[in-house]
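Let's take a walk through a protein model, one strand at a time. Have the sequence and the 3D view ready.

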Amino acid sequence: TFRSKKDVYKTVTDTSGYYHTYVPPGLYTVYAFNPETEDAYIETIELGLFERIVLDIIVEKGYSLSGEVYFNNNQHQATTLEFTSIRGVINLTTTDDGHYSIWLPENSYNITGTLTDHDEANEIDIDYTLEVYIDLTADTRRSLAMDKVEVFDLFLESKPLFTGAISPVRV
């Protein structure tokens with residue numbers, strides 16, 4: 001998978017492990033996962049205008065990271081998570097009941113996410129956020145709790161401030 005900020009390009013290898021794809025110029029996170037060997041790969045590349053590159057993807061041992069995302073006393077809904085490492089950024093949307101599962105190479109990851117829930121009783125939207133740091137060195141199951149974003153109304157009162165001198169006008 002080649003993912004830019006606005007597009008996703010997918011390709012598969014042939015039986016010999018070769019792949020071929022065309023993508024427009026841009027910055028991409030390349031993600032590969034082999035379900036048979038459980039190997040994974042992430043790298044960020046930049047492709048310039050009229051540039052052709054050969055990218056040999058060398059996969060390494062991958063680890064399963066899975067669990068559920070919850071908020072407000074164990075409620076769930078589909079949430080987009082972002083897994084950021086020094087190698088790149090991978091996005092994943094959980095199931096409607098908050099479950100997620102991804103294979104990633106060993107590394108440190110910052111996991112972030114946001115969601116908005118509508119409180120029917122009070123007719124307001126409530127925002128939740130998530131930020132978790134994890135060192136992935138083995139298969140891991142981890143539930144992720146989202147925190148309510150506290151919103152405070154702030155009112156500032158100002159009084160006009162004038163400085164200077166007034167001189168009488170003489171005619």
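Here is a short tour of the strands, the pairing and the nonpolar cores.

First, some ground rules. This is a predicted model, where local features need pLDDT of at least 70, side-chain atom pairs count only at pLDDT 80 or more, and totals for chains, interfaces and linings use all residues. Residues are numbered from 1 along each chain as its sequence is written, and side-chain values use heavy atoms, with hydrogens and water left out.

**Start with β5**

Strands here are DSSP runs of E with at least two residues, numbered from the N terminus. Take β5, which covers 60-70. Because eight of its eleven residues are buried, β5 is largely enclosed by the rest of the structure. Buried means under 20% relative accessible area, with a 1.4 Å probe and protein chains only.

Which strands does β5 pair with? Two strands pair if DSSP finds at least two bridges between them, and the table lists partners of β5.

| Partner of β5 | Bridges | Direction | One facing pair |
|---|---|---|---|
| β4 (39-47) | two | antiparallel | Asp 39 and Lys 61 |
| β8 (99-105) | seven | antiparallel | Glu 68 and His 99 |
| β11 (140-141) | two | parallel | Leu 65 and Thr 140 |
| β12 (144-145) | two | parallel | Val 69 and Leu 144 |

Strands of a sheet pair through backbone hydrogen bonds, either parallel or antiparallel.

**An open sheet**

Five strands line up in the order β7-β6-β9-β10-β13, with antiparallel pairing, to form an open sheet. At its edges sit β7 and β13 (147-148), each pairing on one side only. β13 is joined to β10 by two bridges; Tyr 128 has Lys 148 in β13 as its bridge partner.

**What fills the inside**

A nonpolar core is a set of buried Ala, Val, Leu, Ile, Met, Phe, Trp, Tyr and Cys residues joined through side-chain atoms within 4.5 Å. The largest one here has 25 residues, and those touching the most other members are Leu 65, Phe 83, Tyr 100, Ile 102, Leu 104 and Leu 144. Two or more residues come from each of β5, β6, β7, β8, β9 and β10, and β10 gives the largest share, six residues.

What does Tyr 100 touch? Leaving out residues up to four places away in sequence, its contacts (heavy atoms within 4.5 Å) include Leu 65, Phe 83, Leu 92, Arg 142 and Leu 144.

Apart from this largest core lies another, of nine residues, among them Tyr 28, Ala 32, Tyr 41 and Leu 47.

Definitions and conventions:
Buried < 20%, exposed > 50% of the residue type's maximum accessible area, 1.4 Å probe, protein only. Helix = DSSP H or I, 4+ residues; strand = E, 2+ residues; numbered from the N terminus.
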